[in-house]
Amino acid sequence: DYYDCLLLEDDKLGIIICDVTGHGFYSGLFVAMAKSCLHTQVKIDYSPQKVMEAMNHAISLSMKRGLLMPCCYIVIDCRTNILTYSNAGHPCPYHYSLSTNSLEQLSPTDNILGIRGFEETKFTKEERTWEEGDLLVLYSDGITEAEDANEELFGDERLEKIILENSEKSATYIKDCILNALSVHCRGTAQSDDITLVVAKAM
């Protein structure tokens with residue numbers, strides 16, 4: 001897993017989360033390549049679609065074939081209160097809107113990064129409002145697919161319930177609440193996947 005937060009020009013914030021398939025040296029190399037490409041590309045054009053295109057092209061040139069990278073990249077404009085994102089097959093982040101008291105997912109806009117034959121794919125973006133009190137919850141599938149001793153998944157419903165019941169709390173509180181609930185659910189059962197969680201709140 002890889003996540004990052006970047007302060008961009010003109011009062012914008014970039015948030016990214018990725019999950020390379022597999023484990024070991026080449027998976028780690030993919031993460032390093034993705035991070036290097038991201039930090040270089042945002043200096044040229046930090047728009048979600050351009051970042052995704054650059055990262056897709058970079059990892060597609062890797063000598064190791066067969067590794068893929070679901071990824072979601074979000075840019076928040078704090079001046080215009082607009083959230084723009086591209087989601088390349090990553091588990092859909094949650095956006096809680098205070099004004100409508102609704103919880104929606106940032107649905108995939110494009111294919112997973114690194115698919116052979118799609119090195120030059122043009123990526124797309126989606127926009128939505130980002131207002132005071134809104135929440136973003138980004139996570140890897142290591143959270144929703146975490147199992148207890150009976151192989152019951154933590155699942156989407158538990159995650160959604162925690163977000164809705166604590167939407168007025170701080171980002172830190174919500175993060176801790178999710179991780180605590182995950183710990184209670186798993187009850188010490190060893191997990192086979194990485195667990196990554198990012199929570200952001202508009203103030």
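## Lysines and their partners: worked exercises

In this predicted model, the side chains of lysine 12 and aspartate 77 meet in a salt bridge, with 3.4 Å from N to O. Let's start with that pair.

**Exercise 1.** Work out which parts of the chain the pair lysine 12 and aspartate 77 ties together.

*Solution.* Begin with the elements: lysine 12 lies in strand β2 (residues 12-18) and aspartate 77 in strand β3 (residues 71-77), so their bridge ties together parts that are 65 residues apart in sequence. Next, check burial, for which the cut-off is under 20% relative accessible area. Lysine 12 has 16%, so it counts as buried. Aspartate 77 has 13%, so it is buried too.

**Exercise 2.** Now take lysine 50 and glutamate 53, and find where the two lie.

*Solution.* Both belong to helix α2 (residues 48-60), three residues apart, which is about one turn of the helix. Their closest N and O atoms are 3.6 Å apart, and they form a salt bridge. As for exposure, lysine 50 is partly exposed at 35%, whereas glutamate 53 is buried at 13%.

**Exercise 3.** Lysine 201 is buried yet has no salt bridge; find what its side chain reaches instead.

*Solution.* First, place the residue: lysine 201 is found in strand β9 (residues 197-201). Second, apply the cut-off: a salt bridge needs the nitrogen within 4 Å of a carboxyl oxygen, but the nearest side chain of opposite charge, glutamate 168, is 6.7 Å away. Third, turn to the backbone: the lysine 201 side chain reaches the backbone oxygen of glutamate 168 at 3.1 Å and that of lysine 169 at 2.6 Å. Finally, look around: lysine 201 also touches other residues, including Trp130, Asp134 and Leu135.

Conventions:
Residues are numbered from 1 along each chain as its sequence is written. This is a predicted model: local features need pLDDT of at least 70, side-chain atom pairs count only at pLDDT 80 or more; totals for chains, interfaces and linings use all residues. Side-chain values use heavy atoms; hydrogens and water are left out. Helices (H or I, at least four residues) and strands (E, at least two) are DSSP runs, numbered from the N terminus. Buried means under 20% relative accessible area, exposed over 50%, partly exposed in between (1.4 Å probe, protein chains only). Lys and Arg count as positive and Asp and Glu as negative; His and the chain ends are not counted. A polar contact is a pair of N or O atoms within 3.5 Å; within protein, one must be able to donate a hydrogen and the other to accept it, and residues adjacent in sequence count only if both atoms are side-chain atoms. Contact means heavy atoms within 4.5 Å. Lists of a residue's contacts leave out its neighbours within four places in sequence.
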